[in-house]
Amino acid sequence: MTRWAVPGLPVRDRALVMGVVNVTPDSFSDGGEFFDLETAVERGRELMRTGADLVDVGGESTRPGAVRVDAEEELRRVIPVVAKLAADGIPVAVDTTRAEVAAEALGAGAVLVNDVSGGLAEPELVGLVAAAGVPYVLMHWRGPSVDMQSRAVYDDVVTDVSRELAARLDEVVAAGVDPELVILDPGLGFAKTAEHNWALLSRLGELHALGRPVLLAASRKAFLGRLLPAADGTARPVGDREDATTAVSALAAANGAYCVRVHEAAATADAVRVAAAWTNARTKPVAR
Ligand code: PMM
């Protein structure tokens, strides 16, 4: 199996674990638990202690239906957290669609820009990433979270997402981004139904055919809650989706994912090691 190495990011013989630090009062997945500065910084450190390879700091919720915060508020939330974690020597990604926030975060020590809009929200962000020469997560995106589910319409979701990601990849490379620094992400839950997410996960090979490493962020998402309903049919609550998240991490890693983005690191850190042992044993001769 191809093991990717992206310049500037940790190199491991297994999938990378990206731990999520949401500095938002309204994220769907952790409900604003880590909203204030000290709590968010401590959360980032804890994710690293428990097995994350890098952390992803975001100040704007992208849950379905979310309305945007202004840039000033996003900067106020994100930059001090990035600065403190980077000062500890922690590899920090900034989860933003705004060029201004990305620029300030890189100035504060971030090493990766995670852009859920794939450069579509603010095209200036792409120029900034090109000039900075930093790794870039390019996610499949069809429009803002507020009404994105209305755009969850595909002929064949894997073919369509692959084609749209390939087109974005060509565009960001034409804008000067080094292709070796691009990580692709199908954007689970972003203009996707549960069925779309499962199709994308199960046909990961088709995304790998685009020739770049793939990041997956399934952690705690609604499609896992819907897979595991209670007896009365209600979806499994967000906080009880950890085991399902770990299962997805193992399967994603065993199927070649470069990085899995999760809210809790420990179980996924084990899962990606299990996956690596499993897949490596396929190619190593075993003595009798
Ligand atoms: N999903 C969320 C936020 N950031 N970044 C990437 N690259 N891919 C995703 O699917 C993604 C993301 C959703 O919100 P959360 O932070 O509460 O999981």
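This is a short dialogue on reading a predicted model, with Asp53 as the case.

Reader: What kind of model is this, and how are residues numbered?

Author: The model is predicted: local features need pLDDT of at least 70, side-chain atom pairs count only at pLDDT 80 or more, and totals for chains, interfaces and linings use all residues. Residues are numbered from 1 along each chain as its sequence is written, and side-chain values use heavy atoms, with hydrogens and water left out.

Reader: Where is Asp53 placed?

Author: Helices (H or I, at least four residues) and strands (E, at least two) are DSSP runs, numbered from the N terminus. Asp53 lies in the loop between helix 1 (37-49) and strand 2 (54-58). The protein chain has 10 helices and 8 strands.

Reader: Is Asp53 buried or exposed?

Author: Buried means under 20% relative accessible area, exposed over 50%, partly exposed in between (1.4 Å probe, protein chains only). Asp53 has 4%, so Asp53 is buried. Buried residues make up 55% of the 288 residues in the protein chain.

Reader: Which side chains does a polar contact join to that of Asp53?

Author: A polar contact is a pair of N or O atoms within 3.5 Å; within protein, one must be able to donate a hydrogen and the other to accept it, and residues adjacent in sequence count only if both atoms are side-chain atoms. The side chain of Asp53 has such a contact with the side chain of Arg12 at 2.9 Å and with that of Arg14 at 3.0 Å.
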